[in-house]
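Here are some notes for a colleague who has not yet looked at this structure. They take one residue first and then the strands.

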Amino acid sequence: MNRPDFSQRKWTGAVAMVVMLLTHLSAAAQSEYSGLKCKALSVSTVEIVGYAEALDGGELVIPSQIGGMTVVSIGHTAFKGCGITSLTLPETISEIGYGAFMDCDRLLTVNIGAVSPPHTNGYSFGSITMKLGRLLVPTGCREAYKDMGFWHVYDNGGEREYHTLTITTRRDDGKNDFSTFDVNGIERQGAEFTHEFDKGLPITVKVTPSKDYELLKMTVNGEDVTNQVEDNTYQMTGLAGNTLIEVTAQQKPVGLTIGQAAGGSVTVVADRDIKNYQMRVVPDEGYSLSQLTEGKKNLLNLPNYWRDFDRSINKKGAYTVRYKKDQ
């Protein structure tokens, strides 16, 4: 009896898996995030390998995540000769490659979020190591950095000052909303986001409510900032203290135009559960309502009626709407 040969099947599966993995890494290797160039080290981690010309100056803040993948290292000569004056590295960084910041002669301050000193060598910062004005490290970690090889040269330093940013999302009925948060590249999902950021660090907050819901209101420490929100995104110039952002979400309305006649339109708007209906009667410019009845009941005599009519309706009712041209 011949025994089945599975070798070809196993090989085909292995090839498919390798191709999928290489495709993922290749796509990530070509990616760019806010001027930062990166490559994938695994399916969940990336390394910063370079920068766009637009970053050549000012403050450089490396995010802890890019596209949902954790930033764990800075590649060899990634920022060589970059004209930055201040550098902030996230708590996820564990290694800084050879010459990563070599010839960055204007760099005066380095802020590091990692509790354990990132692995470096004597040329990670090249010849500028003794010129650094300050090295700021997490609270309680200064001694660890002073005892760790390369970092001991930065005697003129201190511990970083942190503030806590908390974001909550609730629906207008008081229930939690399972939202998507993107805060300075840190992506999470849930009804609450909490993270520590450096004092004064500019913050970009994007909150996307769950499916079928939309952002209704946003407050920062009790102050309504909804009119400053664009595309679910709010820009903060810097954290001045512990900050609470509260987001309220509401159901997206379901709109359906059920009539379009000369002179105006009739629209029915229902909530997502199709339990409550709102009828909106809108005359065109130069027209007004000549008839608006529910059965035999004349609705034109309702108080506070002006041009547009907007009210809850009985979904089994019969309504008649007519427009007339203004004289």
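**Notes on a residue and its strands**

1. Thr 169 lies in strand β12, which covers residues 162-171. The model is a predicted one. Thr 169 has a relative accessibility of 1%, and because buried means under 20%, Thr 169 counts as buried.

2. The side chain of Thr 169 has a polar atom 2.8 Å from the backbone oxygen of Asp 177. Asp 177 is also among the residues that Thr 169 touches, leaving aside those up to four places away in sequence. The others in that list are Asn 176, Ser 179, Phe 181, Gly 190, Ala 191, Val 207 and Val 247.

3. Strand β12 belongs to an open sheet of five strands, in the order β15-β12-β20-β17-β18, and the pairing is mixed. At the edges are β15 (192-198) and β18 (223-224), each of which pairs on one side only.

4. Within this sheet, β17 (residues 213-220) and β20 (residues 243-251) run antiparallel and are joined by seven bridges. Tyr 213 stands opposite Gln 251 in β20.

5. Val 207, a contact of Thr 169, is on the covered face of strand β16 (residues 203-208), together with Ile 203 and Val 205. The uncovered face of β16 has Thr 204, Lys 206 and Thr 208.

6. Which strands pair with β16? One is β13 (residues 179-183), antiparallel to β16 over four bridges, with Asp 182 opposite Lys 206. Another is β19 (residues 233-236), also antiparallel and joined to β16 by four bridges; here Thr 204 stands opposite Gln 235.

How values were computed. Residues numbered from 1 in each chain as written. Predicted model: local features only at pLDDT ≥ 70, side-chain atom pairs only at ≥ 80, totals over all residues. Heavy atoms only, no water. Buried < 20%, exposed > 50% of the residue type's maximum accessible area, 1.4 Å probe, protein only. Helix = DSSP H or I, 4+ residues; strand = E, 2+ residues; numbered from the N terminus. Pairing = 2+ DSSP bridges. Polar contact = N/O pair within 3.5 Å; in protein donor to acceptor, adjacent residues only side chain to side chain. Contact = heavy atoms within 4.5 Å.
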